[in-house]
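Please read the following report alongside the sequence and the coordinates. It moves from single helices to strands and sheets, and then to the chain and its partner.

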Amino acid sequence: MSALPDTGSLRDAPRTAPLRRLLGAEVRWVLRRPRTLVILGLLALIPVLIAVGVTVAGRRAGPGRGLIGAVAGNGLVLPIVAVTVSLALLLPLAVAMAAADAIAGETACGTLRGLLLAPVSRLRLVGMKAFGVLVVAAAAVLVLAVVGMLAGLLVVGETGWQLVTLSGTTLGIGQALARIALVVVWAVGQLAAVGAVALAVSAWTEHPLVVLAAVLGGLIVFGVLGAIPTLEWLQPYLLTSGWSAAVDALRDPMPLTGMWDATWRALCYLAVGLSATIARMLRRDA
Amino acid sequence: MTFAVAADPGTAVAARVRGLCKVFGATVAVEDVDLDIPDGAVLGMLGPNGSGKTTLIRLLLGLTRPSAGTAELLNHPMPTGAAVVLPHVGALVEGPGFHPFLSGRENLRRVAATEPLLPTRAIPAAVDAALERVGLGNAADRRFRGYSLGMKQRLGLAGALLLPRRLVILDEPTNGLDPAGTRDVRRIIAELHAGGATVVVSSHLLTEVEATCTHVAVLQSGSLIAEGELRRLLDADATGLVVTTPDTDLAVATLRAAGLDAYRDDADEPGVVVPAGDAPGVIALLVRAGVAVHEARRGRPRLEELFARLTETAT
């Protein structure tokens, strides 16, 4: 307990911890959380299950087996199929869980107060939390893609290092990997939109469960609205309506309009979600 | 009723509060509080449950905005000055907040990572030192989930003590602590005080406050009903000088001869009470007269009596 700075020198002292250290601490915290690891582990099972299922079924099935059937004998399709299938529910769930813990969970633990008292400025706090959620989203999609590729090559892989598109053409390994990477980046973008909205809900509530309920409820409502023919005019506004666009990566030549539309939509949701999060966090009591 | 002893004018203040109010819906949590916390003081914040102690602390720290009035911490207005001030402030508010799945050490490292004044290289050593200081050295690598209430409280304290602070605010620091833990808190407060830091402790344990604090502020239903230096508050309420002596008759005769009011009081031990008289003069008089003076003390009320009287008369 020596050398206390006098009051005059307060202004000259550092006011914030280095940003890299804050982000590092956040990522460490996110990836050490048991439930993050559990859900990443569960996601890793998805491509394996599809691979096993397709291999077993493939011995007796004929042609025309749909998207999952396209995996049969065509291993590099698996990562894209796994991402598309999981995007419907499991990936948004993983992201919603991360967002729920990020703000509402910290409030419930009493740790948000500690962060604000350090102090971490409220704007930086939003940045830190958004980064943590993005890391979970990226990790989740990457796990699906990497395990998908491994499972595809090891379990299914009759065609070896090439990808047969839905259009019937054959792509080399380089092009196949590029398309997988595109789908990964695109899916992370979609999940970032989900994460931003979930983070906003997380900032407005003290209960992590409310965030999960809001995101799952929202997905279901969007799904229902998207299925009603008279509400077709609503389609362009629903985040979920573009989520099947990842399959476009399996066509040759690849149509990009679907993925572009979905990306623009995601950017709008992202902007709205982040603005609401910031607006709330700047005013929120802790 | 306000019962206050003014602080010496001109002394530096660590915190200054003027006309502070906080209203939650229909509840007035803090009402028109004026308070100066002198630099280097150990202020005990007292009050029954729900009297607004924690809300006042949260207002001071900028965790919530006042409905009216101003709060200044280290000469900067809050909450706008939070970025400048809070790095120099250590706080334990509303119980310790940590993540159950991390060990005590990992929890503390996460806190340390957000501290602006801690250089990255100094973090491991600072964390170890803080853990040692609160007596958690042996339990540092156990998960927070398995900590007892007292250990959680100690870890919260460690978070406030990661680096030298100008101001340390502890909300109910002895909650859930065993007697050894309470002694540790008392020692830590004394160390902080000796190091020149200002300390604010809220507590409902009056003996704790009496043992460690230089100043007190008493809250009742959101209002400040007494504040000032502890010794002066108690003196203002003093009953006089109590002299313990076996020669009570001689003592009373001597004092009366000198024109002082004095009477025997053999309630605990044989002695005399001098309701009004300066201590050195009275003692010199008695000693010169050959009275064996065993002990002389202010007949001060205990803080407990003062507190009870204040909080009862105010209702």
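In helix α4 (123–133) of chain B, the buried residues are Ile123(B), Ala126(B), Val127(B), Ala130(B) and Leu131(B), where a residue is buried if 20 or more other C-beta atoms, placed from the backbone, lie within 10 Å of its own, exposed if 12 or fewer do, and partly exposed in between. Because these buried residues cover an arc of only 130° around the axis, they fall on the same side of α4(B), the arc being that of the directions from the helix axis to the C-beta atoms. Pro124(B) and Ala125(B), on the other side of α4(B), are exposed. The buried residues of α4(B) pack against α3 and α5 of chain B, and after α4(B) comes Gly135(B), whose phi is positive, near 75°. Helices (H or I, at least four residues) and strands (E, at least two) are DSSP runs, numbered from the N terminus.

This is a predicted model, in which local features need pLDDT of at least 70 and side-chain atom pairs count only at pLDDT 80 or more, whereas totals for chains, interfaces and linings use all residues. Residues are numbered from 1 along each chain as its sequence is written, and chains are lettered from A and ligands numbered from 1 in the order in which they are written.

Helix α5 (residues 149–160) of chain B has 12 residues, which should span 16 Å at 1.5 Å a residue, and its end C-alpha atoms are 17 Å apart, which agrees; the expected span is 1.5 Å times one less than the number of residues. Since 9 of the 12 residues of α5(B) are buried, this helix is largely enclosed by the rest of the structure. Among its buried residues are Met151(B), Arg154(B) and Leu157(B). The buried residues of α5(B) pack against elements of both chains, including α6 (111–117) of chain A and β8 (167–171) of chain B.

Strand β4 (residues 42–46) of chain B is mostly covered, with 5 of its 5 residues buried. Val42(B), Gly44(B) and Leu46(B) point one way from β4(B), Leu43(B) and Met45(B) the other way, and all are buried. The table lists pairings of strands in chain B, two strands being paired if DSSP finds at least two bridges between them.

| Strands | Sense | Bridges | Opposite residues |
|---|---|---|---|
| β4(B) and β9(B) (residues 198–202) | parallel | 4 bridges | Val42(B) and Val199(B) |
| β4(B) and β10(B) (residues 215–220) | parallel | 4 bridges | Leu43(B) and His215(B) |
| β2(B) (residues 13–24) and β5(B) (residues 68–73) | antiparallel | 5 bridges | Val17(B) and Ala71(B) |

An open sheet of 4 strands in chain B has the order β3-β2-β5-β6, with antiparallel pairing. β3 (27–38) and β6 (76–78) of chain B stand at the edges, each with a single partner strand, so one side of each is left without a neighbour in the sheet.

Chain B contains 11 helices and 15 strands, and buried residues make up 45% of its 315 residues. Between the chains, 34 residues of chain A are in contact with 37 residues of chain B, contact meaning that the C-beta atoms, placed from the backbone, lie within 7 Å. The largest share of the side of chain A that touches chain B, 6 residues, comes from α6(A).

Terms used
Contact = placed C-beta atoms within 7 Å.
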